[in-house]
Amino acid sequence: MSDATVKLSDAAIRRQMLADFWFYFRQNRGAVVGMWVFLALVLIAVFAQVVAPHDPTAQFRDALLVPPIWQEGGKSGFLLGTDAVGRNMLSRLIYGAQYSLFIGVVVVAIALIGGIFVGLLAGFFGGWVDTVIMRVMDVILAFPSLLLALVLVAVLGPGLTNAMIAIAIVYQPHFARLTRAAVMGEKEREYVTAARVAGAGTMRLMFKTILPNCLAPLIVQATLSFSSAVLDSAALGFLGMGAQPPSSEWGTMLAEAREFILRAWWVVTLPGLAILISVLAINLMGDGLRDALDPKLKRS
Amino acid sequence: MIRFILGKLLYLVPTFVGITIIAFGFVRILPGDPVLLMAGERGISPERHAALSAQLGFDQPIWLQYLQFLGRLFHGDLGNSLVTKKPVMAEFLTLFPATVELGLVAIIIATAIGVPVGVLAAIKRGSWFDQVSMTAALVGFSMPIFWWGLLLIIFFSGILGWTPVSGRISLIYFFPDVTGFMLIDSIISGQKGAFTSALSHLILPSVVLATIPLAVIARQTRSAMLEVMGEDYVRTARAKGMPPSRVVGVHALRNAMIPVITTIGLQIGVLMAGAILTETIFSWPGIGKWMIDSISRRDYPVVQSGLLLIAGLVMLVNLLVDLTYGLINPRIRHK
Amino acid sequence: MTMLTRILIAASALAMTSAMPALAKTFVYCSEASPEGFDPAPYTAGGTFDASAHPIYNRLAEFKKGTTEVEPGLAESWDVSADGLEYTFKLRQGVKWQSNEKFTPTRDFNADDVIFSFMRQASADHPWNQYIAGITYEYYNSMEMPSLIKEVVKVDDYTVKFVLTRPEAPFLANISMPFASIVSAEYASVLEAAGTKEDLNNLPIGTGPFKFVAYQKDAVIRYVKNPDYWGEAPKIDDLVFAITPDAAVRLQKLKAGECQLMPFPAPADIAAIKEDPNLKVDEQAGLNVGYLAYNTTQAPFDNPKVRKALNMAMNKQAIIDAVFQGAGQVAKNPIPPTMWSYNDAIVDDVYDPVAAKAALEAEGVKDLSMKVWAMPVQRPYMPNARRTAELIQEDFAKVGVTVEIVSYEWGEYLDKSMEAGRDGAVILGWTGDNGDPDNFMGVLLSCASAQPGGANRAFWCNQEFSDLLSKAKQTADVAERTKLYEQAQVIFKDQAPWATLDHSTQYVPMAKNVTGFVMSPLGDYTFDTVDLTE
């Protein structure tokens, strides 16, 4: 990288990068499909109130465990049937999308910000700061993530907020490690030295100069974490430690519905399918992002 | 090489101390009181509550309890379960083989299918096989396995009746544990049909547990192969007229295996997390289910020591992976 | 254990199994939970007793099958002194102890075994009190045995006298409970000599219908018929417990013929089970009650009229339908209908939101908001407290009462719900231990139990009610006691410290060819009378 790169206007670089990115992203058909599905999910979540036929917690006492409409015994108005207390499955699934996206966003945000901060500190200062921080990260990584999240939730008390915090804590070392590695790599580069000579302060060096240059792997990791967060929070919900009933989080719905596994297939099958589809969409998108952002894979 | 191993081991000591702090600390700040759980709906008088807490050692300052915990640990004593009153280590050892057996079979399935699929997909890049298998891998990677397990039970055990619903072996077979591995013990027992029965009980849980590692391994193998096949020496070998099968077999595959082995090693943590869910669904008597039950029962000694043992194990496997890596790739060793 | 000895044991076990008759009748029970251990005294879970106390052991007195009546067990007969303070038991002669690889009994059951079984729990100095470090005897303590039993005296080898500190009508029912199972003093001394005391809990020896063979943790327990059993011999040769915690999986196993009987089906599955041509279902009202306990010391819930009005606002039938899928019945009394002294003359509050709202307004209660506590766990009397709380929330909203649902981790829930000044009404329940009405009303509603450490979560102390209970507890005559308890129930209904919610129905699905299974009102699962037809 030469001085010329630094001198080019920021806006121009950004525009070029975006165009590059879109070019490569578009080549991956799966990624585009994933993106559309994901956008649809976002729309459904945002406009849940408009889209959902009923309130997700409204109980229709005369319509318990009604099967989906195409099956014998189905009732109009309940497209995907009802659950054990007569709540509309479709409405609950739609509102469930809100939970999943919200969980994904919050978890990734906490883990990303925490991880970047810690990773920058470790990478930039090195020495004992680095050693201590990285050892703590090692310790967290030594535990299987779901197990540690479970214990954390047990400590904090079951519930959606605590589940998100627990998952974010468990994910955070990945971001810290990535940031640190990137910072270590970039720290001695010419442009950093140049900025330092020019009198840039530590904060500016860390956040303005170095960080933007290690974003690509972080973004890839973030999409990966987004989908794992949806999966793990559903797993916690399934084990009774995540979002608590009557909230329509998909994993919690599954856990509540488990007793009906042989009697009412729809209360078990549909929430799981919803999880699978959204996670798959995010992962498809993640693949496209990685291909578009990771120059090493681009050439092969 | 010895210095390399020693260095790695030394590096693990502070990590292990950190693990003991987390295992002990987190568990002891869990809300809830095992003494209250023992009393249930009936309630317990304050005097008796104090007496029981004292008997269990919960009335002492927490740092002292931690030191006692470390001291006992040093002597290989992990304490007794509050629920069964039996030594944690003994319980761990009776349940551990079940988890290992499940995990090993799962990782064998994942590797035996994942590696060839990945290699083939890389060689036939862009073919329908590549596309179908990679789509399938991505679906597998996105699978909520607790739901997947339920679906398989409904279908294969409920509707088709092909596989047993749960357990490790049909109850008509009875032989004592020798190794704790049902597949091996059933052969040792010499009882007709025992092995087949054990195997049929293993199929669904191990397939469920293998799902995510299989997807990861297939994807990783494919991209490692693609990367290696782009390297100069492979291109050279190809240019020199070496037959494609030899190029793939000798040069590409061997070099692609390094990241793949790392990936397989890293799946141990994934497997442990998966075991928690899989064992819960299939009522598999292993340590994943044991941990879940113990957390909900506030069985402190079991959760503490269980966390410790599991983390220790993951660390050990990671060390082995590191060492293997060092063996295959001498550059790392001398760095 | 070394590998070699393990292989040797494997070989000998193999020889044993192959020597067994080819047509042994094996009965498999898909049990719900792993036993905590095989000594019944230190544990409290029903699943543990089904695996230990019932198949392996006996007690001085036993509950007659299918009832809560007491009949002779290891004691052939007993005399009670006129003041009700001395119980003299004549022990059965010729009762053989079981044997295993470590132990061959040299004598029959006698008074020493009885004394040993009680004294190890009674005295902290007893060499067997702490035979496993940290062990406690919860049932012995919670049934108030330490303050009740003054001494246990051996009169001769086959006569034992219990001296009590006060007359206690439920005493015989108490010593029929699992914690009072009689263990072998001789086996204990053999284990002590061998230095393996913990085997009393791992390799149990009893006098019961089945002998323990092996336990694989969290998987399988095996028993064989005890050929020397003093009572009527079991019809089956091998008894196997296949431990299967998940209800859906249990049902699958039952359908697949992997077991012949299961406890606790999911309420949602009952209808399907009844239709299955290969299965049948026994059912019985469980010995339990689920309730919503108001804090009767907190305004406005200190006013019985407010409590009654809220009870009227509650659609209990809807709870039975949605939460129990019909597998329960609406409760009107604090004791279940299968229990003697149940007062069927009492009329339940009628569901009437309009009248309820008017009644609340008449008491000056407006814009009331309250907390309802929902337990985080499933219990036999309440499969889904959260769902129940949601239904109550909806019902109360209709009479203008706003409900906030709260929940805590189970241990905390039990603790906090008993804290003085607790905010809100608590969903909880009770399963009977010994079939005595005092085991419900005395434990849950007396003044004494409203103190810290008690279980009166309404903090309701009605002197008249409590006096009736004390009087009944010291009266031996059942007819007299019945009258007193019936009166007490009238006061309870009038004062309404609880909303009585439900008595759940207990279902036992089994294969069609199972005969002779008798449901226990106490929720025990026993297999000594069970048989399999072709």
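Visitor: Which residue of β5(C) does C:Ala75 stand opposite?
Guide: This is a predicted model. In it, β4(C) and β5(C) run antiparallel and are joined by five bridges. Across this pairing, the residue of β5(C) opposite C:Ala75 is C:Leu91.

Visitor: What is the order of the strands in the open sheet of chain C?
Guide: The sheet has four strands with antiparallel pairing. Its edge strands, each pairing on one side only, are β4 (75-80) and β6 of chain C. With β5 and β7 between them, the order is β4-β5-β7-β6.

Visitor: By how many degrees are neighbouring strands of this sheet turned against each other on average?
Guide: The angle is taken with direction ignored. On that basis the average between neighbouring strands is 20 degrees.

Visitor: Which helix of chain C packs on the sheet?
Guide: The helix covers residues 111-122 and touches β5, β6 and β7 of chain C. Its direction makes about 165 degrees with that of β6(C). The helix is α4.

Visitor: How many residues lie in the hairpin between β6(C) and β7(C)?
Guide: Strand β6 (residues 149-156) pairs with β7(C) in the antiparallel sense, over six bridges. In one of these pairings, C:Val152 has C:Phe162 as its bridge partner. The number of residues through which the hairpin joins the two strands is two.

Visitor: Which residue in β7(C) stands opposite C:Glu86?
Guide: Strand β5 (residues 86-91) of chain C is joined to β7(C) by five bridges, and the two run antiparallel. Opposite C:Glu86 in β7(C) stands C:Val163.

Visitor: Which side chains of β7(C) point to the buried face?
Guide: Side chains alternate along this strand, residues 159-164. C:Thr159, C:Lys161 and C:Val163 point to one face and are not buried. Those that point to the other face and are buried are C:Val160, C:Phe162 and C:Leu164.

Visitor: Which element gives the largest share of the side of chain C that touches chain B?
Guide: Here 49 residues of chain C are in contact with 44 residues of chain B. Elements giving two or more residues to the chain C side include α1 (3-19), α10 (247-255) and β16 (425-431). The largest share, seven residues, comes from α1(C).

Visitor: How many residues on that side of chain C are nonpolar?
Guide: The residues of chain C that touch chain B divide into three classes. Polar residues number 12 and charged residues 12. The nonpolar count is 25.

Visitor: How many strands does chain A have?
Guide: From the N terminus on, the elements of chain A are written as a run of α. Its secondary structure comes to 14 helices, and the number of strands is zero.

Technical notes. Residues numbered from 1 in each chain as written. Chains lettered and ligands numbered in written order. Predicted model: local features only at pLDDT ≥ 70, side-chain atom pairs only at ≥ 80, totals over all residues. Buried ≥ 20, exposed ≤ 12 C-beta atoms within 10 Å, placed from the backbone. Pairing = 2+ DSSP bridges. Contact = placed C-beta atoms within 7 Å. Nonpolar A, V, L, I, M, F, W, Y, C, P; charged D, E, K, R; others polar. Axes fitted to C-alpha atoms, helices over the stretch in contact; angles between N-to-C directions.
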